[in-house]
Amino acid sequence: MGRGALPLLLPLLLSLAASALAAEQQPPALPSPTATAAAASGVSSNSVLVALLDSRYTELAELVEKALLLQTLEDAVGRGNVTIFAPRNEALERDLDPEFRRFLLEPRNLRALQSLLLFHVLPSRLHASSLSAAALSHATLAGEPLELATAAVTSPDAVVRPDGVIHGVERLLVPRSVQEAFNRRRSLAAISAVLPTGAPEVDPRTHRLKKPAAPVPLGAPPVLPVWDALAPGPAIAPAPAPGPGSGKHHFDGHSQVKDFIQTLLLYGGYNELADILVNLTSLATEMGRLVSEGYVLTVLAPNDEAMARLTTDQLSEPGSPENILYYHMVPEYQTEESMYNAVRRFGKVRYDTLRLPHKVTAREADGSVKFGAGEGSAYLFDPDIYTDGRISVQGIDAVLFPPADDGAGRSPAAAPVRRAPAVTGATAKPKLRRGKLLEGACQFMGVFVRASRFVSCQ
């Protein structure tokens with residue numbers, strides 16, 4: 001290179017050095033929250049899933065998160081393009097009535113919610129030009145085919161990304177399986193059509209649950225020894241029922257109470273009752289002590305919706321949670337089958353409660369058992385949530401109150417006041433009435449006997 005080229009290259013070298021120095025002094029740019037979330041989840045910031053979060057379909061994105069489907073959709077996007085038929089937020093608020101939304105958000109109906117959301121996703125890319133073939137059906141991630149004629153697309157190609165496309169639809173798409181499950185639950189077919197199983201029996205000799213006997217082949221020796229097959233005599237007869245505080249703990253009642261509270265939490269919809277039993281009162285410990293002594297209990301458990309309807313006045317008085325729950329505990333072992341058979345046979349049955357002297361009334365109504373009367377009545381809604389031979393838990397849809405403590409401040413009708421007879425004079429005395437037969441006897445005996453012997457007839 002000649003010396004004449006150096007003056008020409010010097011300004012260029014100085015400008016490059018200045019730009020490099022400015023780049024070193026400039027602070028690095030912070031990534032956007034969407035890009036950070038996408039990088040953490042392994043999805044590109046330009047993905048159709050990220051666009052779904054930032055679009056007008058946020059209600060659908062929240063349901064996807066509640067249904068634990070983020071990983072499933074990320075895997076589907078990773079395998080190829082997807083097509084999402086997304087209803088707007090206004091359509092979800094219009095189509096999801098409170099009863100259907102409650103059904104979808106219950107923990108036990110998680111599969112139904114997942115099927116509903118995956119029914120809106122196709123594992124292929126489908127643009128607006130392909131939507132004209134309305135008679136065609138496409139397979140969805142839920143496993144059920146979607147007829148494009150029923151989709152009612154209002155905003156075709158609302159969001160287009162390299163890995164998928166989002167079409168806005170007019171209404172929520174409900175698959176047939178979810179609709180049938182909701183109809184069964186709403187019509188109580190899932191409850192009334194199930195044949196209730198009998199309560200387990202306790203062997204009086206061993207104080208353990210009886211297990212169904214295994215089939216014995218012909219010619220095999222007997223399962224029980226001969227002395228166990230005999231009727232119990234005075235030596236091996238079961239001991240009498242223990243009294244309170246006797247110290248004879250036949251069962252581990254505390255473990256059984258813990259098991260039934262865990263069953264309530266796993267069943268779903270009874271968290272408020274479990275919280276009151278464990279945290280707000282000491283009833284769980286008392287129930288465990290009773291079961292350890294050999295007693296049996298049937299708990300009429302109000303669900304969370306019923307507990308939410310309790311007012312502050314009903315819970316503000318001292319001891320009101322205990323009194324409410326004591327009225328829901330029956331000192332008998334009853335199942336849905338036994339209570340339903342009793343009300344079908346006798347019409348009305350009154351069960352004792354631990355809140356003495358109040359009793360709870362049960363009757364048959366609408367193919368189920370109804371407790372209480374009037375507006376304060378409750379139906380047996382979730383039968384046999386927990387049955388172990390000593391503790392039985394039956395779910396009801398309202399909180400029960402005794403007739404005198406129904407929360408409205410009413411008191412039992414007062415007895416009629418008895419008034420004294422009217423007196424006409426200051427010295428007048430009420431005339432005593434004597435029976436006609438006694439008067440006639442006195443007159444007859446006075447003829448033959450001295451009157452001094454019948455002073456009481458004067």
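Hi everyone, this is a short tour of the cores, one sheet and one helix pair in this structure. Please keep in mind that we are looking at a predicted model.

Let's begin with the largest nonpolar core, which has 33 residues. Within that core, the residues touching the most other members are I84, F100, L104, L117 and I166. Several elements give two or more residues to it, among them helix 3 (48-53), helix 4 (58-66), strand 1 (82-87) and helix 9 (176-186). Which helix gives the most? That would be helix 8, with 5 residues. If you have L117 on screen, look for L60, L63, V64, A67 and L69, since L117 touches each of them, leaving aside residues up to four places away in sequence. A separate core of 27 residues lies apart from this one, and its members include I261, Y270, A284 and I324.

Now to the sheet. Four strands make an open sheet with mixed pairing, in the order 2-1-6-5. Strand 2 (121-122) and strand 5 (153-161) each have a single partner strand, so each edge strand has one side without a neighbour in the sheet. Strands 1 and 2 run antiparallel and are joined by 2 bridges, and here you can find T83 opposite L122 of strand 2.

Last, the helix pair. The axes of helix 12 (residues 253-267) and helix 14 (residues 283-293) come within 7 Å and cross at roughly 130 degrees, which makes helix 12 oblique to helix 14. The crossing is right-handed. Contributors to the contact include F260 and I261 from helix 12, and A284 and M287 from helix 14. Thanks for listening!

Notes. Residues are numbered from 1 along each chain as its sequence is written. This is a predicted model: local features need pLDDT of at least 70, side-chain atom pairs count only at pLDDT 80 or more; totals for chains, interfaces and linings use all residues. Side-chain values use heavy atoms; hydrogens and water are left out. A nonpolar core is a set of buried Ala, Val, Leu, Ile, Met, Phe, Trp, Tyr and Cys residues joined through side-chain atoms within 4.5 Å. Buried means under 20% relative accessible area, exposed over 50%, partly exposed in between (1.4 Å probe, protein chains only). Contact means heavy atoms within 4.5 Å. Two strands pair if DSSP finds at least two bridges between them. Axes are lines fitted to C-alpha atoms, for helices over the stretch in contact, and angles run from 0 to 180 degrees between N-to-C directions. Angles under 35 degrees count as roughly parallel, over 145 as roughly antiparallel, 65 to 115 as roughly perpendicular and the rest as oblique. A crossing is left-handed if the near helix is turned anticlockwise from the far one by less than a right angle, and right-handed if clockwise.
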